[in-house]
Each structure stands twice: as C-alpha cells, then as structure tokens.
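Reader: I should like to learn how to read the confidence, the cores and the helix packing of a model. May we take these in turn?

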Amino acid sequence: MGPKKLSFGSGSSSSGEKRKKSMLSLELKQEIIEKHERGVHYSDLVKQYGRNMSTISTIIKQKAAIEAVKPSKGITIISKRRSPTLEELERLMLIWIKDKEIVGDTITETIICEKASAIYSDLKAASSAGDAGESSADPTTVEFKAS
C-alpha cells in the first residue's frame, strides 16, 4: 500500500464531507445569459456567481430552452415531463390566488381545487380546438386530479 496523500489548504473539508449542491433559479440563469449577450466574459461570470466554468457554459448552451420557458415563481429546473398545459395552469392559478388575496376573499383548499379543475378543462378544450387535425382520443392521456 502506497503512502497517503496529504491535503494542503484550509483543512475545513474532510475527505468524507461532500459539498452541498445549490440550484440556480431560472431568473438567475436568464440574468447570466443576458450578461453574456451584453459581452461579459465567461471568466467574469464565473467570478461573479461563484460557479464552475462548465456550469456557466452549460447555461449559455441551454439558452434557447431557458428563454422559451414561461416560468412560474420559484422554478429552477426545466422539466420535459411537465406539459405546457400544466405550466400554464400553474401560472394562471398564481394570478387568480393573488387577485383573491388582494380583494380579501377567503380561499380554501376545495375552492382552489375546483378552480384548478375548471381552468384545466378550459385549457384542454382550447388546446384540443387548436389540434383539430389530430385525434383527441389518446388512450395514454391521464385525467387531471386537483389536490
């Protein structure tokens, strides 16, 4: 067995300790893209945001996907599994809830679920009307259950 390698540095991290991953919000990713488009260099973005070069370059490479998303509040991950209908439903629900809070109405869980179901059925009807050429009898379609 060979000699153990000595670690030089601050000594604050032990070999068994893992660094905690932190997610970048979609707004922050859009800010990074915007700064890059204005001519800020990769190395300056790395220093400013405290991220690896690979992280910054991946964000820049995913520019089209990041800019195409209309995010709801707090979204950090762009998921391919979430349908655009659910994204739109979530966005409309947030607007509706904020309006109800401004007016001062009481909002219960059942009211929210009923409203979500109504909005979802409206969105589905609008999307199926737009897809008139396609068959809407898809056996893999899962019914929406607000909870």
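**Confidence, cores and packing**

Author: The average pLDDT (the predictor's confidence in each residue, from 0 to 100) of this protein is 76, and 68% of the residues score at least 70. Residues 133-140 have a pLDDT below 50, and this stretch has 0 contacts (heavy atoms within 4.5 Å) beyond near neighbours in sequence. Where pLDDT is low, the predicted coordinates should not be read in detail. This is a predicted model, in which local features need pLDDT of at least 70, side-chain atom pairs count only at pLDDT 80 or more, and totals for chains, interfaces and linings use all residues. Residues are numbered from 1 along each chain as its sequence is written, and side-chain values use heavy atoms, with hydrogens and water left out.

Reader: Which helices each supply at least two residues of the largest nonpolar core?

Author: In soluble globular proteins, nonpolar side chains tend to be buried together. A nonpolar core is a set of buried (under 20% relative accessible area, 1.4 Å probe, protein chains only) Ala, Val, Leu, Ile, Met, Phe, Trp, Tyr and Cys residues joined through side-chain atoms within 4.5 Å. Here the largest has 11 residues, including Leu24, Ile32 and Tyr49. Helices H1 (26-37), H2 (42-49) and H3 (53-61) each supply at least two of them.

Reader: At what angle do H1 and H3 pack?

Author: Their angle is about 85°, and their axes lie 9 Å apart. H1 is therefore roughly perpendicular to H3 (65 to 115 degrees). Lys29, Ile32, Ile33 and His36 of H1 meet Ile56, Ile59 and Ile60 of H3.

Notes. Buried < 20%, exposed > 50% of the residue type's maximum accessible area, 1.4 Å probe, protein only. Helix = DSSP H or I, 4+ residues; strand = E, 2+ residues; numbered from the N terminus. Axes fitted to C-alpha atoms, helices over the stretch in contact; angles between N-to-C directions. Parallel < 35°, antiparallel > 145°, perpendicular 65-115°, else oblique.
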